[in-house]
Amino acid sequence: MKDKIFRSLLFAAALFILLLSAAIVYALVSRSGETFQAYGFWGFVTNAEWDPRSATEEYGAFSFIMGTLYTAFFSLLLCVPFSLAVALFNGEYFKGKKISGVVRSVVDLLAGIPSIVYGLWGFYTVRPLLIELGVSAQGFSIFLSALVLAIMIIPYASSLSGEFLSMIPNNLKEGAYSLGATRLEVVQHISLPAAASGIVASYILALGRALGETMAVTMLIGNTNRIPGGLRDTGNTMASVIANQFGEADGLKLSALIAIGLLLFIITALINLIAKLVMKKLSHA
Amino acid sequence: MNQITPISFKSRKAKDKTMFFLVCLFSSLAMVPLFFIIWDVISKGYKNFNLRLFTEVTPSSMDALMATMNGDPIPGGILNGITGSLLIVGLAILFSIPLGLFIGIYLSDNRGKKFARIVSYLTDLLQGMPSIVIGIIAYAWVVKPLGGYSALAGSVALSIMMLPMIVRSTEETMKMLPNAYKEAGLALGASYTNVVFKILLPSGFGGIFTGILLAISRVMGETAPLMLTALGASVVNWKVMEPTSAIPLLIWDFYNDPNLVDLIWSSSLLLLIVIFLLNWIAKIVARKWKV
């Protein structure tokens with residue numbers, strides 16, 4: 001009898017996740033309804049105008065979507081050489097060695113630093129550097145936020161891909177070595193191709209992180225409501241516009257901000273799904 | 001097979017060496033920011049890192065301005081943030097641990113079942129959800145219906161963030177426990193409930209506790225969801241229905257108030273110490289109670 005109760009308790013807990021997810025979607029959809037009623041889904045997504053002044057009030061998410069894509073993809077690009085190196089260091093060159101444990105711990109600590117501290121560092125240390133280098137007058141830019149974002153996602157991109165690299169069976173590599181291949185050739189022709197889908201999946205997940213990062217980006221991107229013209233431009237991401245304007249928002253503006261939250265949720269959910277599918281392909285191969 | 005063109009052994013060897021060098025170089029470069037950030041926080045923060053930080057609440061902007069004009073240190077600390085963080089994170093722990101443990105046990109016991117697979121997928125989805133979106137959710141669920149910002153709303157947001165992490169670590173730990181543990185217990189006539197509480201959870205303690213500590217360290221520095229839920233307060237508050245501050249929220253306030261800027265770094269230093277301490281303890285626990 002006791003067991004029955006306990007088992008149903010476990011089941012109820014699992015069911016809770018289901019309800020939680022449904023309630024999350026419901027909350028986002030119902031609270032953003034006003035916006036989608038006013039502009040329609042595509043009308044809201046493709047409109048670049050964001051004007052909170054009450055006389056000409058108009059809301060569209062397009063410039064923030066572009067800002068988000070710009071920063072996220074550029075930060076992913078910046079992080080690739082570093083995270084790939086760390087992954088190869090831990091999963092191939094120094095696999096199982098003590099030094100790889102040290103590198104892993106240090107890189108993991110990067111993931112532990114709060115977003116707001118990254119933002120402070122970016123603002124007080126990196127920004128003056130960019131101004132000095134003449135990247136932009138104020139320093140605030142897509143480039144600055146992507147640079148700091150890249151550092152933030154290195155641990156996410158490298159730990160998973162390093163794990164996939166280290167799972168490659170040794171006999172595959174030994175075969176190549178016995179044919180006289182150098183280590184680089186083994187990495188190039190055996191390790192990387194064999195772990196490819198795992199590595200791709202981990203970069204997709206890292207991209208998901210970059211898309212949703214809020215505080216550091218809010219502090220560094222310059223917060224202007226327009227489509228960024230280039231990397232030196234200021235802009236706003238979906239997450240940063242919510243963080244910046246949620247506090248004083250009400251009515252249509254509040255619902256528009258929640259609508260952006262819904263879009264962000266949909267994008268990250270899709271990204272997660274894609275990463276899952278890519279990894280599933282790996283486990284079947 | 002790729003077309004093999006004869007390349008001199010020397011150039012192949014050189015390329016190999018270059019690659020090795022690049023991997024080492026870029027790996028070390030990836031670690032450099034960590035030291036820069038830590039150095040930045042320590043060198044700028046140690047001056048204001050004193051007892052006052054822990055015993056006094058945040059001063060008003062005016063008082064801080066007067067003090068800096070007289071050349072004095074800023075009169076006040078972040079006691080309201082420390083107590084707020086304790087309250088909000090503490091409540092979030094209360095909400096998320098029992099649920100997370102139960103769901104993790106359920107998932108490890110029902111592997112392969114369709115319902116468990118769906119739950120597992122949704123857990124991943126929750127884990128990947130941006131923290132600001134979770135903030136919106138807690139705003140819609142708690143702040144709006146109850147008519148005001150509160151510590152409770154902040155805890156709800158943080159517990160949604162912690163839940164998937166605890167579920168995952170519990171599930172992974174349970175999976176690693178030998179099946180014989182469970183079978184032996186059941187064979188001796190123990191009830192399933194007893195097997196879970198007297199055998200599985202105690203033997204998986206290390207892994208589960210590590211997961212909990214890491215989850216706490218993750219939400220400790222969360223700012224964005226708290227901005228939408230707990231809002232902040234300039235006094236020490238222990239009431240769950242009142243707006244409450246937290247260390248990261250105070251850092252955000254200081255960042256926006258030029259008069260209080262000096263407190264940024266000591267608060268960040270405290271935050272980093274707490275987070276790294278939690279990570280360190282987690283590592284020790286993981287090593288000591290290895291499954």
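**Exercise 1. Into which domains is chain A divided?**

Solution. Keep in mind that you are working with a predicted model.
- Step 1: walk along chain A and mark two stretches, domain 1 (2-56) and domain 2 (61-284).
- Step 2: find the C-alpha centre of each domain; the two centres lie 26 Å apart.
- Step 3: look at where the domains meet. Domain 1 of chain A brings 15 residues to the contact, and domain 2 of chain A brings 16 residues.
- Step 4: ask which elements supply the domain 1 side. Helix H1 (2-39) and helix H2 (41-46) of chain A are the elements that each give two or more residues. The largest share, eight residues, comes from H1(A).
- Step 5: sort the residues on this side of domain 1 by class, and you get nine nonpolar, four polar and two charged.

**Exercise 2. Describe the overall build of chain A.**

Solution. Start with the elements, then turn to the whole chain.
- Step 1: count the secondary structure of chain A, which comes to twelve helices and two strands.
- Step 2: read the order from the N terminus: α-α-β-β-α-α-α-α-α-α-α-α-α-α. The two strands of chain A thus sit together in the order, after two helices.
- Step 3: draw a box along the principal axes; the C-alpha atoms of chain A fill roughly 75 × 70 × 30 Å.
- Step 4: check burial. Chain A has 285 residues, and 51% of them count as buried.
- Step 5: take the contacts in chain A between residues at least 6 apart in sequence; 73% of these join residues at least 24 apart.

**Exercise 3. Explore the largest nonpolar core.**

Solution. Begin with the core itself and then zoom in on one residue.
- Step 1: the largest nonpolar core holds 177 residues, and A:Ile154 and A:Ile260 have the most contacts inside it.
- Step 2: look for the main contributor. Helix H6 (residues 142-166) of chain A gives the most to this core, 17 residues.
- Step 3: compare with the domains from Exercise 1. Domain 1 (2-56) and domain 2 (61-284) of chain A each supply at least three residues to this core.
- Step 4: list the partners of A:Ile260. Leaving out residues up to four places away in sequence, A:Ile260 touches A:Ala61, A:Phe64, A:Met238, A:Val241 and A:Ile242.

**Exercise 4. Is A:Ile267 buried or exposed?**

Solution. You need a position, a count and a cut-off.
- Step 1: locate A:Ile267 in helix H12 (residues 251-284) of chain A.
- Step 2: count the other C-beta atoms within 10 Å of A:Ile267, which gives 20.
- Step 3: apply the cut-off, 20 or more for a buried residue. A:Ile267 has 20 such atoms, so A:Ile267 is buried.
- Step 4: try a distance too. A:Gly212 is 55 residues away from A:Ile267 along the chain, and their C-alpha atoms are separated by 9.4 Å.

**Exercise 5. Examine chain B and its contact with chain A.**

Solution. Take one helix first, then the interface, then the confidence.
- Step 1: helix H10 (residues 205-220) of chain B has 16 residues and reaches 22 Å from its first C-alpha to its last, close to the expected 22 Å.
- Step 2: see how covered H10(B) is: 13 of its 16 residues are buried.
- Step 3: turn to the interface, where 58 residues of chain A are in contact with 60 residues of chain B. On the chain A side, H1(A) gives the largest share, 17 residues. By class, this side has 42 nonpolar, eleven polar and five charged residues.
- Step 4: check the predictor's scores. Chain B has a mean pLDDT of 92, with 98% of its residues at 70 or more. For the complex, the ipTM is 0.93 and the pTM is 0.94.

Terms used: Residues are numbered from 1 along each chain as its sequence is written. Chains are lettered from A and ligands numbered from 1 in the order in which they are written. This is a predicted model: local features need pLDDT of at least 70, side-chain atom pairs count only at pLDDT 80 or more; totals for chains, interfaces and linings use all residues. A nonpolar core is a set of buried Ala, Val, Leu, Ile, Met, Phe, Trp, Tyr and Cys residues joined through C-beta atoms within 7 Å. A residue is buried if 20 or more other C-beta atoms lie within 10 Å of its own, exposed if 12 or fewer, and partly exposed in between; C-beta atoms are placed from the backbone. Helices (H or I, at least four residues) and strands (E, at least two) are DSSP runs, numbered from the N terminus. Domain bounds come from an automatic or database domain assignment. Two residues are in contact if their C-beta atoms, placed from the backbone, lie within 7 Å. Ala, Val, Leu, Ile, Met, Phe, Trp, Tyr, Cys and Pro count as nonpolar, Asp, Glu, Lys and Arg as charged, and the others, Gly among them, as polar. pLDDT is the predictor's confidence in each residue, from 0 to 100. The expected span of a helix is 1.5 Å times one less than its number of residues.
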